[in-house]
Amino acid sequence: MALGKLGSSLYEALRKVLRAPVLDETIVKELCNDVLRALLQADVNVRLALDLSKRVEARVLREAVPPGISRKEHVIKVVYEEITRLLGGEAQPPYVLKPGKLNVLLFVGIQGSGKTTTAVKVANFYRKRGFKVALVCTDTYRPGAYEQLQQLASSADIQVYGDPSGRDPVRIAINALRKLEAEGYELAIIDTAGRHKEEGALMKEMKSIAEAIKPDEISLIIDGTIGQQAFTQAKAFDEATKIGSIIITKLDGTAKGGGALSAVAATGAKIRFIGIGEKIGDIEAFSPTSFVGRLLGMGDLKGLIEKAKEAEVSISEERAKAIFSGRLTLKDLYEQIEAIGKMGPLDRILSMLPGLSYKVPEDFSDVAKERFDKWKAIIQSMTEEEKENPKVLNASRIRRIARGAGVREGDVKEMLKYFDGMKRVMKAMKGRGITSFRRLMKMASQGGLA
Ligand SMILES: Nc1nc2c(ncn2[C@@H]2O[C@H](COP(=O)(O)OP(=O)(O)O)[C@@H](O)[C@H]2O)c(=O)[nH]1
Ligand SMILES: [Mg+2]
C-alpha cells in the first residue's frame, strides 16, 4: 500500500524515540517534527498536521504515564491515539443491514472515482457474508456502463438489474427496486452516473434519485488520490443531499492517502470502507484503530494499548472524591490489588514506583503477589459492614475471617496495618495537594511494600 510511506516515516520517528538513551524534551520535539513532516508528505492538511503534532508534544510532556507501561511506550501510545483520532477515532463498522427487508444503498460520486468497482466489491463483501445481494445500474450516460457492471458482477456471481436502453435513471431505479423487493433480496446497491456536463446537473440527478427511492444510506465514493481536496468534495456533495457515509478508493496507488482519509474524517463523515486495489477482493471495512496499528507497523501495539487501558484503575469520580475525603474502605484496597494484578509482571511495575527504582530483589514480586492473593481472600471473607468500616474488626472477627480465608490471623492483621498506612499516606498527600488518585494509590502501595 502506498500509505506504507507514511507508515514507515512514522515508524522511523518512533524508533528514534525507542533508541534514544533518555527521553528528554529535545527528543520529544524531534519526534513531533518528524511526525509533522510525515503527515505533510502524505498530504494531510497543514492545520490538522500542526494540531496533531502540538497535541502529541503537550501530551507526552505533561500527561502522567499510565501504570504498566514505560515512558517510551507511552509516547508510542500517544502517537497511535492521535493518528487514530485524525482518521476518525473509534472503529466504524461497515453498513449494518436490517434483517427481513431490502436494504438500499445509493452510491454517488464523480466519474472515475470508483463507484462501479466499489459497488461490486461491497456487494461481494455482503454476499460472502450470506446476504442476498443485487446491483442496480442507473448510469445512463457512460457508454457500456451496464456491460461494465455486468461483467464485473458476473465474476462474483452477482445479479445486475437495470435497463441498458433506458434513459431515465429515476425510473430505472424504481423499477429495479420493486423487482428486487418482490424477489426477496436483502441488499441492493445502486450504482449511479458521475459524468455530466456540469456539476449542477450531477447533483440534481443524485438528488432526484435519492428523493424517489429514499435509500437507507447514501455513500459518496471518493478517489483517494485527490488527497486533502477530499474535504471540499465531501462538503459539496453533502450540501446537495445528505451523505450518510464515504468510501475512499485507490488508497493502494497514492502517496496522498493520509490526506484523503484525514480530510474526510475532518468533515465528520463515517468512512465505511477503503478501496485498496482493482480486484473485487481489494476492499476493507475501515477501522481507524486497526488501520493505524498496521500503518505504524507494530503488531503488538494493540496489546500494549490494551494493557495500559486495562491497568488504569477504573474508579468513578464519585468514589475518588469519597476516598479523598477520607472515606477509604477495604473495597478500595481490593480494587487496587486487582488493578495491580492486571498490569502484568509485578517486578516491572514495582521498579517504576518512585523511590523503588533500585533493583528489586529477585523473589520480591513473588512474595508480593502471594501476599496480595491472601489479602484478596481476606477481603472476600469479610461482611459488607467490615469492608466499609474496618474499625469494627475485633479479635473474634479477625479469627473468623482468617479461618474463612484460609490464612493466619497475622495475615489479616498485616493487611489491616497496610490499610492504615495507606490511609495515612492519603491524608498526607491530600495535605500536599496531590489530587491524582492513581498517583496516590501508587505511592500508598509503595509505602506499604517498602
Ligand atoms: N488501484 C485501484 N484502482 C481502482 C480502485 N477502485 C477503482 N479503481 C479503478 O478506477 C477506475 C474507475 O473506476 P470505476 O469503478 O469505473 O469508477 P466510476 O466511474 O466511479 O464508476 C477503474 O479503472 C478501476 O479499476 C482501487 O481501490 N484501487
Ligand atoms: Mg461507473
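## Ligand 1 and its pocket

Around ligand 1 there are 18 residues, and the closest of them are Gly 112, Lys 115, Thr 116, Thr 117 and Asp 252. Keep in mind that this is a predicted model. Let's look at who surrounds the ligand, which atoms meet, and what the pocket is like.

**The shell around the ligand**

- Which helix gives the largest share of the shell around ligand 1? That is helix α5, which spans residues 115–127 and supplies 4 residues.
- Sorted by class, the shell is made up of 10 polar, 6 charged and 2 nonpolar residues.

**Polar contacts and burial**

- Gly 112 brings a polar backbone atom to 2.7 Å from an oxygen atom of ligand 1.
- Ser 113 also takes part through its backbone: a polar atom there lies 3.3 Å from an oxygen atom of the ligand.
- With Lys 121, the side chain is involved, as one of its N or O atoms is 3.3 Å from an oxygen atom of ligand 1.
- How much of ligand 1 does the protein bury? On its own the ligand exposes 580 Å², and the protein buries 82% of that area.

**The pocket**

- Ligand 1 sits in the largest pocket, whose volume is about 300 Å³.
- This pocket is lined by 23 residues, and those closest to its centre are Gly 112, Ser 113, Gly 114, Thr 117 and Lys 250.
- Two or more lining residues come from each of the elements α5 and α6, the latter covering residues 145–155.
- Helix α5 has the largest share of the lining, with 5 residues.
- By class, the lining holds 13 polar, 7 charged and 3 nonpolar residues.

**Worth remembering**

- Gly 112 and Thr 117 are among the residues closest to ligand 1, and both are also among those closest to the centre of the largest pocket.
- Helix α5 gives the largest share of the ligand's shell and also the largest share of the pocket lining.

How values were computed: Residues are numbered from 1 along each chain as its sequence is written. Chains are lettered from A and ligands numbered from 1 in the order in which they are written. This is a predicted model: local features need pLDDT of at least 70, side-chain atom pairs count only at pLDDT 80 or more; totals for chains, interfaces and linings use all residues. Side-chain values use heavy atoms; hydrogens and water are left out. A residue is near a molecule or strand if one of its heavy atoms lies within 4 Å of it. A polar contact is a pair of N or O atoms within 3.5 Å; within protein, one must be able to donate a hydrogen and the other to accept it, and residues adjacent in sequence count only if both atoms are side-chain atoms. Accessible areas come from the Shrake-Rupley method with a 1.4 Å probe; for residues, only the protein chains shown count as cover. On a 1 Å grid over the protein atoms alone, a cavity is a set of points where a 1.4 Å probe fits but cannot get out, and a pocket is an open set with protein on both sides within 12 Å along at least five of seven lines; lining residues have an atom within 4 Å of a point. A molecule sits in a cavity or pocket if more than half of its atoms lie within 2 Å of its grid points. Ala, Val, Leu, Ile, Met, Phe, Trp, Tyr, Cys and Pro count as nonpolar, Asp, Glu, Lys and Arg as charged, and the others, Gly among them, as polar. Grid points are joined across faces, edges and corners, and a volume is the space filled by probe spheres set on the points.
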